[in-house]
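Biologist: Please walk me through this model. I will ask short questions, and I would like the reasoning before each result.

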Amino acid sequence: MKTRDLNRLQGLAQLVHDHELARNSRLSGARAVTREKLDKLAAPVPLANDPALFAARQAHLQWAAGQRMILNQRLALETARLIEQRRKTARSLGRLEALKRLRAHPPRA
């Protein structure tokens, strides 16, 4: 394989790896936002002596429980996507490193 071809392939591999890194970052950020929302829902709410306020807090607790279920499902999906993306990112890095080595030590024809 010619040096020029190896240079092109390495450039393409670098672009792919940069793209995979950017996706990894976006997915990680989305997962962090979901975790933050879950943490906010887990904050304790003090009980009230006023019956109307107590009823409102009970309604809020029911709503928060539903939101936690939704957010936990979203978090699980985002975690699965992030794991898959990390695999893709690692593979693109491996390809890039292999091309760098080939360029540094080209095979003799």
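**Salt bridges and overall form**

Modeller: Arginine 87 is partly exposed, at a relative accessible area of 42%. This is a predicted model.

Biologist: Which residue forms a salt bridge with arginine 87?

Modeller: The partner lies in helix α2 (residues 51-104), as arginine 87 does, three residues apart, about one turn of the helix. The closest N and O atoms are 2.2 Å apart, within the 4 Å cut-off. The partner is glutamate 84.

Biologist: Is lysine 40 buried or exposed?

Modeller: Lysine 40 meets glutamate 36 in a salt bridge at 3.9 Å, N to O. Both lie in helix α1 (residues 3-41), four residues apart. Glutamate 36 counts as partly exposed at 47%. The relative accessible area of lysine 40 is 60%, and the cut-off is over 50%, so lysine 40 is exposed.

Biologist: Which helix holds both glutamate 97 and lysine 100?

Modeller: Their side chains meet in a salt bridge, 3.9 Å from N to O. Glutamate 97 is partly exposed at 33% relative accessibility. The two residues are three apart, about one turn, and both lie in helix α2.

Biologist: How many salt bridges does a search of the whole structure find?

Modeller: Side chains of opposite charge can pair when their charged atoms come close. The protein chain has 22 positive and 9 negative side chains. The search total is three.

Biologist: What radius of gyration does the protein chain have?

Modeller: The C-alpha atoms fill a box of roughly 85 × 15 × 15 Å along the principal axes. A compact globule of 109 residues would have a radius near 13 Å. The protein chain has 24 Å.

Note on methods
Residues are numbered from 1 along each chain as its sequence is written. This is a predicted model: local features need pLDDT of at least 70, side-chain atom pairs count only at pLDDT 80 or more; totals for chains, interfaces and linings use all residues. Side-chain values use heavy atoms; hydrogens and water are left out. The radius of gyration is taken over C-alpha atoms; the globule rule is 2.2 Å times the number of residues to the power 0.38. Lys and Arg count as positive and Asp and Glu as negative; His and the chain ends are not counted. The place of a charge is taken as NZ of Lys, CZ of Arg, CG of Asp or CD of Glu. Buried means under 20% relative accessible area, exposed over 50%, partly exposed in between (1.4 Å probe, protein chains only).
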